[in-house]
Amino acid sequence: MLSMQDHDIIVNTNRGTPMGELFRRFWLPVALSDELPGPDSVPLRVRVMGEDLIAFRDTDGKVGLVDAYCPHRGAPMFFGRNEENGLRCVYHGWKFDANGECVDLPNAPEGETFKNKIHITSYPCEDRGDLIWAYMGPAEKKPAFPDFEWTKLPRSHRYVTKFIEQCNYLQAMEGDYDPSHARFLHSTMDQARRPVRLTAHPARAATTPRVKWRRTSPTRAQSALDA
Ligand code: FES
């Protein structure tokens, strides 16, 4: 059992925490491409590692990921107008492009060039493999985008989906690495409603220390395993 102190160290991913800084050194999937279906489509609320952000696809199809709140007076950028290559805050009209640069500031008594000093927090994005990926770490540490082969295949050759899990990342990963739950929790029970007992696969158990498990009753899953 972890102490509360160790628990907080390993599960907290907010900016400035050990795990938060580690994860921010990687490109991370933050949304499905389909959630931003086309140029100037409705912006998307995204929460990543404790940061509230807004994703939007601009007129040219480029994806931006910016702070959820305007740097002027804190208005929610979700309600911004996504138009002509930028997201315009509905409160006073400050407009930001996908790189977080202010490209229009219609009410600045300081003059036209004042907008050059204004930025909104933004993170670089890539739209690959039907996913929106973001890098949220230090710019000087940004790694090359991971060249996963599956991201280059035709769309018909992959399946991308998204789950919302109300837990911390470590709990989700523990579930993923727990193979024994799958045949109970995720199995179809329409073929055999009788109780299921697990035994080690004798052939494989004899040759490898990694014990594989299978059902003792014949099911579609077992047939696939034996094929
Ligand atoms: S609060 Fe956004 S422009 Fe003023």
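This passage describes the strands, the nonpolar core and selected residues of a predicted model.

The chain has 227 residues, of which 18% count as buried. Its secondary structure amounts to 6 helices and 13 strands. Of the contacts between residues at least 6 apart in sequence, 41% join residues that are at least 24 apart.

One open sheet is formed by 3 strands in the order S1-S11-S10, and the pairing is antiparallel. S1 (27–32) and S10 are the edge strands; each has a single partner strand, so one side of each lacks a neighbour in the sheet. On average, neighbouring strands of this sheet are turned by 30° against each other, direction ignored. Within the sheet, S10 (residues 125–128) and S11 (residues 131–135) run antiparallel and are joined by 4 bridges. Among the residues bridged in this way, Glu 126 has Trp 133 of S11 as its partner, and Asp 127 is partnered by Ile 132, also in S11. The two strands form a hairpin with 2 residues between them, and Gly 129 in this hairpin adopts a positive phi near 60°.

Cys 125 lies in strand S10. With 21 other C-beta atoms within 10 Å, against a threshold of 20 or more, Cys 125 is classed as buried. Beyond four places in sequence, Cys 125 touches Val 63, Gly 64 and Leu 65, together with Ile 132, Trp 133 and Ala 134. The C-alpha atoms of Cys 125 and Lys 62 are 8.5 Å apart, although 63 residues separate the two in sequence.

The largest nonpolar core contains 29 residues, and the members that touch the most others are Ala 55, Leu 65, Val 66, Ile 132 and Ala 134. Two or more residues of this core come from each of S1, S3, strand S4 (63–67) and S11. The greatest contribution is that of S11, which gives 5 residues. Ile 132 thus appears both among these core residues and as the bridge partner of Asp 127. For Val 66, the contacts beyond four places in sequence are Leu 53, Ile 54, Met 77, Leu 87, Phe 96, Gly 100, Ile 120, Thr 121 and Ser 122.

Phe 96, one of the contacts of Val 66, has Cys 102 in S8 as its bridge partner. Strand S7 (residues 95–96) pairs with S8 in the antiparallel sense, over 2 bridges. Both strands belong to an open sheet of 4 strands, ordered S5-S6-S7-S8 and paired antiparallel. The edges of this sheet are strand S5 (81–82) and strand S8 (102–104); each has a single partner strand, so one side of each is left without a neighbour in the sheet.

Gly 50 is located in the loop between strand S2 (44–48) and strand S3 (51–57). Gly 50 has 12 C-beta neighbours inside 10 Å and counts as exposed, because the limit for that class is 12 or fewer. Outside the range of four places in sequence, Gly 50 touches Thr 13, Asn 14 and Arg 15. Gly 20 stands 30 residues from Gly 50 along the chain, and the C-alpha atoms of the two are separated by 9.1 Å. Gly 50 is therefore exposed, whereas Cys 125 is buried.

Notes. Residues numbered from 1 in each chain as written. Predicted model: local features only at pLDDT ≥ 70, side-chain atom pairs only at ≥ 80, totals over all residues. Pairing = 2+ DSSP bridges. Axes fitted to C-alpha atoms, helices over the stretch in contact; angles between N-to-C directions. Contact = placed C-beta atoms within 7 Å. Core = buried A, V, L, I, M, F, W, Y, C linked by C-beta atoms within 7 Å.
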